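Hi everyone, thanks for coming. I'd like to walk you through one structure today, strand by strand and helix by helix. Have a look at it on the screen first.

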Amino acid sequence: MTPALPDVVEVRSLYQPVVDLTTRAMVGVEALARGPAGSPFERPEELFAAARAAGRLREIDWLCRVSALRGALSAPLPPGQLLFVNIEPGVTDGFVPPDAVDLLQRAEQLSVVVEITERDLLVDPAALLRAVDRIRGRGWMIAVDDVGADTASLALLPILEPDVIKLDMSFTQARAADDTASVVSAVAAESGRTGARVLAEGIETEQHLRLALDLGAGLGQGYLFGEPAPLPRRAPEPTRSVATLDTTADTAPVGTAVGITARRRPRATPFAVGAASGPLQRADGELVVSLSRRLERQALANGPSTVVLTTIPYTFPLDTEAIDAARGVGTSGALVAVFGRDAHRAALPTLPNLRTMDIAPDDPIAAEFTLIVVSPHLTAGMLARVVDDGPDPGFDYRLTYDRAVVLDAATYLLDRTSAAAPMFGPPGNG
């Protein structure tokens, strides 16, 4: 049983070096929270478990953030050095405690990288995207932590476009070859497209270091380079500034971060996004459905690192073939979200990673037929709208593999998902 938190909780921060793996020069630190020394809450996992149980997660998360920033400002951390700070996205709702306002203003001089753990990625994508917007709005960067511990987490990397991808320590220390190949391939694809830096965790020996380099990591941390400890009051001057360049992995020196610009939140529907980006085609429903089935097969081939998003026109029936297709991608993908009316949702199977969202007749997407597939190696979308709502409906459509277009359309739909009603399957089934 988790012990109850005391009314007043003291949180302190230790800092572990983050280094350039080629030169071993320190390029930053990760702030690691610790509860009261000698208490049951000294270890962060126990502290946060108790905070969740007590409904005090936001309070404790802010205490840890404040401690990390205050320590880095007091040392001080040299200019240009990265400060990695962990957060709980579920409580990053824009609220700022009054006593933290001044601290956040002073922290603008720091090069902060906010870490999101992979376990958070698929819990509430809409809240996560809003949190990422707020973080980047402060001029801070994003890191995704423990990548690869669950391969499903790779599905949202293309949408989040993190500045730093932190490989789970199991890859550095021991991992089955097949898992390593699939995860490293996905991470390399994302890093190559966006310039995100790859950081290997858990480097404790020279052998671990060699493996991290083999995996394509340019940054690393672990006991080989230093244990978590308080920052010295006069930290060593950095040998490399890592937070000022905005470039790609092809040209950036090892140890630089990219400062990816936040993705513009699209207000247009998926079809409108597609229509604004290129010429439309017109076809009957048979061709549009046939093309979407092809995308579904591609989604199945991409396996558990895939997000599939679909909208069903309000007036359309949901036939057996469509239900079977939803079952197939819902079984294999990391996250499948279906937008439709109640009759559509009730016909769908109950699956752990299948979410259904209700639409009304006047919903902006009520006349749209959408199928979007996002994975580390594939971004594709059928973005269509009914133009003749009769027995043989016609569609204007755009089938696109344009990454920016597909991700904008996907983001619009993910923004409308909700953990408050993440119905895994039809309404009425928890």
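Okay, let's start with one pair of residues: asparagine 86 has glutamate 115, in strand β4, as its bridge partner. Keep in mind that what you see is a predicted model.

That pair belongs to strands β3 and β4, which run parallel and are joined by five bridges. On another side of the story, β3 also pairs with strand β2, residues 26–34, again in the parallel sense, this time over three bridges. If you want a spot to click on there, valine 29 sits opposite leucine 83 of β3.

So why call β3 largely enclosed by the rest of the structure? Because four of the five residues in this strand, residues 82–86, are buried.

Now carry on to strand β1. Residues 12–20 make up β1, and β1 pairs with β2 in the antiparallel sense over eight bridges. Leucine 14 has leucine 32 in β2 as its bridge partner.

What do these strands build? Eight strands close into a barrel, in the order β1-β2-β3-β4-β5-β6-β7-β8, and the pairing is mixed. And a handy rule while you're looking at strands: in a regular one, the side chains alternate between the two faces of the sheet.

Next, a helix I like. Helix α4 covers residues 125–137, so to speak, 13 residues in all, and spans 18 Å from its first C-alpha to its last, close to the 18 Å expected at 1.5 Å a residue. α4 lies across β4 and β5, running at about 135° to β5.

Which residues of α4 are buried? Among them are Pro125, Leu128, Leu129, Val132 and Ile135, and Arg136 is in that group too. The buried residues of α4 pack against several elements, including β4, β5, β11 and the helix α13, which is residues 403–414. Just after α4 comes glycine 139, with a positive phi of about 85°.

Let's move over to the other sheet. Seven strands form an open sheet in the order β9-β15-β14-β13-β10-β11-β12, with mixed pairing. Its edge strands are β9, residues 281–284, and β12, and each of them pairs on one side only. On average, neighbouring strands of this sheet are turned by 15° against each other, ignoring direction.

Helix α9, residues 270–277, packs on this sheet and touches β13, β14 and β15. The direction of α9 makes about 100° with that of β14.

Back at the edge, β9 pairs with β15, residues 394–400, in the antiparallel sense over four bridges. There, glutamine 281 stands opposite tyrosine 397 of β15.

One more helix pair. Helix α1, residues 44–54, and helix α2, residues 57–74, pack at an angle of about 145°, and their axes are 8 Å apart. From α1, the contact uses Leu47, Phe48, Ala51 and Arg52, while α2 brings Leu57, Ile60, Asp61 and Cys64. Sorted by class, that gives six nonpolar residues, two charged ones and no polar ones.

Finally, let's zoom out. The protein has 13 helices and 15 strands. Of its 430 residues, 56% are buried. If you take contacts between residues at least 6 apart in sequence, 72% of them join residues at least 24 apart. And the protein exposes about 18200 Å², with carbon and sulfur atoms supplying 53% of that.

That's my tour, thanks for listening!

Notes
Residues are numbered from 1 along each chain as its sequence is written. This is a predicted model: local features need pLDDT of at least 70, side-chain atom pairs count only at pLDDT 80 or more; totals for chains, interfaces and linings use all residues. Side-chain values use heavy atoms; hydrogens and water are left out. Axes are lines fitted to C-alpha atoms, for helices over the stretch in contact, and angles run from 0 to 180 degrees between N-to-C directions. Helices (H or I, at least four residues) and strands (E, at least two) are DSSP runs, numbered from the N terminus. Contact means heavy atoms within 4.5 Å. Ala, Val, Leu, Ile, Met, Phe, Trp, Tyr, Cys and Pro count as nonpolar, Asp, Glu, Lys and Arg as charged, and the others, Gly among them, as polar. Buried means under 20% relative accessible area, exposed over 50%, partly exposed in between (1.4 Å probe, protein chains only). Accessible areas come from the Shrake-Rupley method with a 1.4 Å probe; for residues, only the protein chains shown count as cover. The expected span of a helix is 1.5 Å times one less than its number of residues. Two strands pair if DSSP finds at least two bridges between them.
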